[in-house]
Amino acid sequence: MVTSRSAAAARQPVVSLRRRGPVLERAILDAALERLSTVGWTGLTMEGVAAGAQTGKAAIYRRWSSKEDLVAEALRSALPAIGDAPDYGNIREDLYQLCCGLRDAMLSKSGSALRAVLHECDADTAERFQSVILSGVIGPTTALIREVVSRGVDRGEVRADALRGMAFDVIPAMMMYRSKVCGSEWTDGDIADLIDQVAVPFFSAGPR
């Protein structure tokens with residue numbers, strides 16, 4: 001027997017929950033980042049991403065032909081925000097706060113996904129992500145260091161000849177090396193040691 005209530009329910013239009021276009025693409029990219037940050041590059045599969053996005057593999061392959069293409073787009077769409085150059089009035093504190101902000105950005109979900117790619121990919125695969133990393137992380141980071149060091153020159157704390165290209169690679173290179181090779185998580189104390197033992201002496205305007 002069909003009641004009036006069940007009949008009314010039967011007449012209600014069925015609302016489709018199927019996602020399309022940008023909404024589905026965002027779900028897939030978010031799922032890729034989530035999987036990267038939890039299982040890493042090696043453990044990432046298209047099946048896992050599809051399950052996380054609650055869609056089928058076909059929907060992914062229609063948009064990205066490979067795991068590398070998907071991850072490159074996922075990273076490009078959500079690289080960790082590094083922020084602005086701090087200004088505390090002295091080179092030591094500015095560099096310390098900048099490095100803490102960089103560390104915190106790399107511990108975010110998108111930062112963890114990026115680290116999985118940096119740490120686990122072989123050289124050939126890593127080349128696929130080089131432009132993304134250079135334009136989205138390395139470039140902005142060195143630009144902030146340049147800004148902080150330039151202010152130090154204006155205050156007389158930093159020697160003028162420190163404003164050279166490779167000088168701005170020292171801190172990111174140290175942080176990446178210690179993270180990838182030594183497994184360092186970069187505590188506040190580690191960052192303080194990097195600034196006090198390496199960065200400040202390197203940039204200092206005093207006797208060398």
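Reader: How many aromatic pairs are there in this model?

Author: The count comes to 2 aromatic pairs, and keep in mind that the model is a predicted one.

Reader: What makes Trp-41 and Phe-129 an edge-to-face pair?

Author: Their ring centres are 5.6 Å apart, and a pair needs centres within 6.5 Å. The planes meet at 80°, while edge-to-face asks for over 60 degrees. Both tests are passed, so the pair is called edge-to-face.

Reader: Where do those two rings sit along the chain?

Author: Trp-41 belongs to helix α2, and Phe-129 to the loop between α8 (123-126) and α9 (130-155). They are 88 residues apart, so the pair links distant parts of the chain.

Reader: Why is Trp-41 called buried?

Author: Its relative accessibility is 9%, and buried means under 20%. Phe-129 passes too, because its relative accessible area is 0%.

Reader: How do you know that Phe-202 and Phe-203 are edge-to-face?

Author: Here the centres lie 5.1 Å apart with planes at 80°. That angle is over 60 degrees, so the name edge-to-face fits.

Reader: Are Phe-202 and Phe-203 buried or exposed, and what decides that?

Author: Phe-203, at 2%, counts as buried. Phe-202 has 29% relative accessibility, which falls between the 20% and 50% limits, so Phe-202 is partly exposed.

Reader: What makes you say that a charge sits over the ring of Phe-202?

Author: The charged end of Arg-159 is 5.3 Å from the ring centre, and the distance limit is within 6 Å. Trp-41 has a partner of this kind as well: Lys-67 lies over its face, at 4.3 Å from the ring centre.

Reader: Let's move to Arg-103. Why is Arg-103 called buried?

Author: Arg-103 has 13% relative accessibility, and the bar is under 20%, so Arg-103 counts as buried. Its place is in helix α6 (residues 91-106).

Reader: How do you know that the side chain of Arg-103 makes polar contacts?

Author: The distances tell you. One contact joins the side chains of Arg-103 and Asp-188 at 2.8 Å, and another reaches the side chain of Asp-104 at 2.6 Å. Polar contacts need N or O atoms within 3.5 Å, so both distances fit. Leaving aside neighbours within four places in sequence, Arg-103 is in contact with residues including Met-175, Trp-186 and Ile-191.

Reader: Which residues of helix α3 are buried, and what covers them?

Author: In α3 (residues 46-53), the buried ones are Met-46, Gly-48, Val-49, Ala-50 and Ala-53. Their cover includes α2 (21-43), α4 (57-61) and α5 (67-77).

Conventions. Residues numbered from 1 in each chain as written. Predicted model: local features only at pLDDT ≥ 70, side-chain atom pairs only at ≥ 80, totals over all residues. Heavy atoms only, no water. Helix = DSSP H or I, 4+ residues; strand = E, 2+ residues; numbered from the N terminus. Buried < 20%, exposed > 50% of the residue type's maximum accessible area, 1.4 Å probe, protein only. Polar contact = N/O pair within 3.5 Å; in protein donor to acceptor, adjacent residues only side chain to side chain. Contact = heavy atoms within 4.5 Å. Phe/Tyr/Trp six-rings, centres within 6.5 Å; stacked < 30°, edge-to-face > 60°. Lys NZ or Arg CZ within 6 Å of the ring centre and 35° of its normal.
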